[in-house]
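Open the structure in your viewer and keep the sequence panel beside it. The stops below say what to select and what is there.

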Amino acid sequence: MPLTDFACRVTDSGTCTVTGSGAASPDAGAAPGAPVPAPSPVAGTDAAVSRAVGREADGLAVASFVLGLVGLLVFNVLLGPTAIVMALLALARRTRRRGRALLGLALGVADLVVLAVLVTGNGAIAWDFGG
């Protein structure tokens with residue numbers, strides 16, 4: 001029987017009421033309109049997906065922190081914006097390491113502030129400690 005011949009309405013109790021014109025329920029002996037158990041999703045798939053997304057978000061938070069920290073010393077023009085984007089992605093994906101993501105965001109902004117100070121002081125995007 002094609003799937004389009006009947007519809008299943010799931011109630012709060014978790015049962016499925018089959019409706020449709022002349023449609024038989026998935027169980028061979030059940031009459032149309034009789035409650036049948038709702039199909040259960042594959043066990044553990046939602047939990048596994050949320051763990052994978054959580055792990056990815058945690059990795060983004062840590063990477064943001066590390067890139068922001070390294071960006072204070074070298075390549076702040078590149079690492080600062082990258083740290084900011086990674087921190088915002090980690091926060092949007094609800095990381096468990098929220099503090100590291102916020103530190104990565106702050107360090108990314110600090111990278112850009114250091115860059116702005118260096119550009120206004122030297123007139124170039126370069127480190128110059130000499131006189």
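Colour the chain by secondary structure: three helices and three strands appear. Along the sequence these elements follow the pattern β-β-β-α-α-α. The model is a predicted one.

Now switch on a surface for the whole chain. About 8,600 Å² is exposed, and carbon and sulfur atoms supply 67% of that area. Of the 131 residues in the chain, 23% are buried. Among the contacts with a sequence separation of 6 or more, 44% join residues that are 24 or more positions apart.

**Stop one: the helix pair**

Select residues 76-92, helix α2, together with residues 98-122, helix α3. How far apart are the axes of α2 and α3? The distance is 8 Å, and the two helices pack at an angle of about 155°. Angles over 145 degrees count as roughly antiparallel, so that word applies to α2 and α3. The crossing of α2 past α3 is left-handed.

Show the side chains where the two helices meet. On the α2 side, the contact is made by Asn76, Val77, Leu79, Gly80, Pro81, Ala83, Ile84, Ala87, Leu88, Ala90 and Leu91. On the α3 side, the residues are Arg98, Ala101, Leu102, Gly104, Leu105, Gly108, Val109, Asp111, Leu112, Val114, Leu115 and Leu118. Colour this selection by residue class: 17 are nonpolar, four are polar and two are charged.

**Stop two: the loop between α2 and α3**

Select Arg93, which lies in the loop between α2 and α3. Is Arg93 buried, exposed or partly exposed? Its relative accessibility is 34%, so Arg93 counts as partly exposed. Add Glu56, Ala57 and Leu60 to the view: Arg93 is in contact with these residues, leaving aside neighbours within four places in sequence. Glu56 is 37 residues from Arg93 along the chain, yet their C-alpha atoms are separated by 8.7 Å.

Move on to Arg94, also placed in the loop between α2 and α3. Here the relative accessible area is 72%, so Arg94 is exposed. Check the backbone as well: Arg94 has a positive phi of about 55°, although it is not a glycine.

**Stop three: the loop between α1 and α2**

Go back along the sequence to Phe75, in the loop between α1 and α2. What is the phi of Phe75 near? The value is near 50°, which is positive in a residue other than glycine. Phe75 has a relative accessible area of 60% and is therefore exposed.

**Stop four: Val62 in α1**

Select residues 45-71 to bring up helix α1, then pick out Val62 within it. With a relative accessible area of 29%, Val62 is partly exposed, because the partly exposed class lies between 20% and 50%.

Which residues does Val62 touch, not counting those up to four places away in sequence? They are Arg97 and Arg100; show both with Val62. To finish, draw a line from the C-alpha of Val62 to the C-alpha of Gly99. The two residues are 37 apart in sequence, and the line spans 9.7 Å.

How values were computed
Residues numbered from 1 in each chain as written. Predicted model: local features only at pLDDT ≥ 70, side-chain atom pairs only at ≥ 80, totals over all residues. Heavy atoms only, no water. Axes fitted to C-alpha atoms, helices over the stretch in contact; angles between N-to-C directions. Helix = DSSP H or I, 4+ residues; strand = E, 2+ residues; numbered from the N terminus. Parallel < 35°, antiparallel > 145°, perpendicular 65-115°, else oblique. Left-handed = near helix turned anticlockwise from the far one by under 90°. Contact = heavy atoms within 4.5 Å. Nonpolar A, V, L, I, M, F, W, Y, C, P; charged D, E, K, R; others polar. Buried < 20%, exposed > 50% of the residue type's maximum accessible area, 1.4 Å probe, protein only. Areas by Shrake-Rupley, 256 points an atom, 1.4 Å probe, with all protein chains shown as cover.
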